[in-house]
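Hello,

Here is the structure I promised to hand over. Please have a look at it first; my notes on what turned up follow below.

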Amino acid sequence: FDLIKTKKAIEEALDFLTESAKEGKVILFVGCKKQAKAKTEEVAKAVDCPFVVERWLGGTLSNFEQMAKSLKKLSDMKAKMANGEYVEFTKKERLLIDREIARLERFFGGISSLTKTPDVLIAVDTHKEFGAIKEATAMKIKTVGIVDSNTDPDMVDYAIPMNDDATRAIEYVLDLMGEAIKNGKAKYKTHQKA
């Protein structure tokens, strides 16, 4: 990889993310590969953005109405559990409900805050997250992605050419993205108060 081009691409992507956060846009992180899961979740939570780190479920964006029903089901079940509404159920029924909540939490926990489709999608590995990129493109959602030599950079709006298997490099870029979004959100809040 030409590091000068990579640096320029990172700067363009960071400017775009800062601007998007400044405008109050919803930014979704997608990082399901083993090397990126923990860091993707950490950065997304730090900047209060939705994220997917388990597995991209087809239709998350293109069939958002159905996804919203699953998100509502999860929040309803968690609320009922917290309020003790499942106390009268048998031990086995409560166990099954616990398992269902855990299953829904695993797949939808990171996107439970989504009330509409996101405005921007960040893919840590565009080859692995091809389905997410394809859906986002079809829905006219802007995409930012780390593009390795095995992927077409033209399928992403802001492609960052680099090795998507280098854990330290991924963590570094995710930290930069988090910082850019944080700066943009701070400007958005200042603008809202004014």
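**The sheet and what surrounds it**

Let me begin at one side of the sheet: strand 4 and strand 5 are paired in parallel, with four bridges between them. One of the pairings there puts Ile 146 opposite Ile 160 of strand 5. Please keep in mind as you read that this is a predicted model.

Stepping back, the sheet is open and has five strands, in the order 2-1-3-4-5, with parallel pairing. Strand 2 and strand 5 are the edge strands; each has a single partner strand, so one side of each has no neighbour in the sheet.

Moving inward from strand 5, strand 4 (residues 142–147) is also joined to strand 3 by four bridges, again in the parallel sense. Two of the residue pairs are easy to pick out on screen: Leu 121 has Thr 143 as its bridge partner in strand 4, and Ala 123 has Gly 145. Strand 4 is mostly covered, with five of its six residues buried. The link from strand 3 to strand 4 goes by way of helix 5 (residues 130–138), and the three make a β-α-β unit that is right-handed.

Strand 3 (residues 120–123) runs parallel to strand 1 as well, and four bridges hold that pairing. Leu 121 turns up here too, as the strand 3 bridge partner of Leu 28. On to the other edge: strand 1 and strand 2 (residues 51–52) are parallel and share two bridges, with Val 30 partnered by Val 52 in strand 2. Between these two strands the chain passes through helix 2 (residues 37–46), in a right-handed β-α-β crossover.

Strand 1 (residues 27–30) deserves a closer look. In a regular strand, side chains alternate between the two faces of the sheet. Here both faces are covered: Ile 27 and Phe 29 are buried on one side, and Leu 28 and Val 30 are buried on the other.

**Helix 1**

Does the length of this helix fit its residue count, or depart from it? With 20 residues at 1.5 Å each, helix 1 should span 28 Å, and its end C-alpha atoms are 28 Å apart, which agrees. Its buried residues include Ile 10, Leu 14, Phe 16 and Leu 17, and also some small or polar ones, among them Thr 6, Ala 9 and Ser 20. Just past the end of helix 1, Gly 24 has a positive phi of about 80 degrees.

**Aromatic pairs**

There are two aromatic pairs in the structure. In one, the ring centres of Phe 16 and Tyr 158 are 4.3 Å apart and the planes meet at 15 degrees, so this pair is stacked. The pair connects distant parts of the chain, since Phe 16 belongs to helix 1 (residues 3–22) and Tyr 158 to strand 5 (residues 158–161), 142 residues apart. Phe 16 counts as buried because its relative accessibility is 13%, while Tyr 158, at 25%, counts as partly exposed.

The other pair is Tyr 86 with Phe 89, in an edge-to-face arrangement: the centres are 5.3 Å apart and the angle between the planes is 75 degrees. Tyr 86 is buried, at 9% relative accessibility, and Phe 89 is partly exposed, at 33%.

**A buried lysine**

Helix 2 contains Lys 39, a residue you may want to bring up on screen. Lys 39 has a relative accessible area of 12%, so it is buried. What does its side chain contact? There is a polar contact of 3.2 Å with the side chain of Glu 42, and another of 2.9 Å with the side chain of Asp 175.

**Cysteines**

Finally, how many disulfides does the structure hold? Zero. For Cys 32, the closest cysteine sulfur is that of Cys 49, 16 Å away, so a bond is ruled out by distance. Both residues are tucked away from solvent: Cys 32 counts as buried at 6% relative accessibility, and Cys 49 counts as buried at 7%.

Happy to go through any of this with you whenever suits.

Best wishes

Notes:
Residues numbered from 1 in each chain as written. Predicted model: local features only at pLDDT ≥ 70, side-chain atom pairs only at ≥ 80, totals over all residues. Heavy atoms only, no water. Phe/Tyr/Trp six-rings, centres within 6.5 Å; stacked < 30°, edge-to-face > 60°. Buried < 20%, exposed > 50% of the residue type's maximum accessible area, 1.4 Å probe, protein only. Pairing = 2+ DSSP bridges. Right-handed = clockwise from strand over helix to strand, strands pointing away. Expected span 1.5 Å × (residues − 1). Disulfide = S-S within 2.5 Å. Polar contact = N/O pair within 3.5 Å; in protein donor to acceptor, adjacent residues only side chain to side chain.
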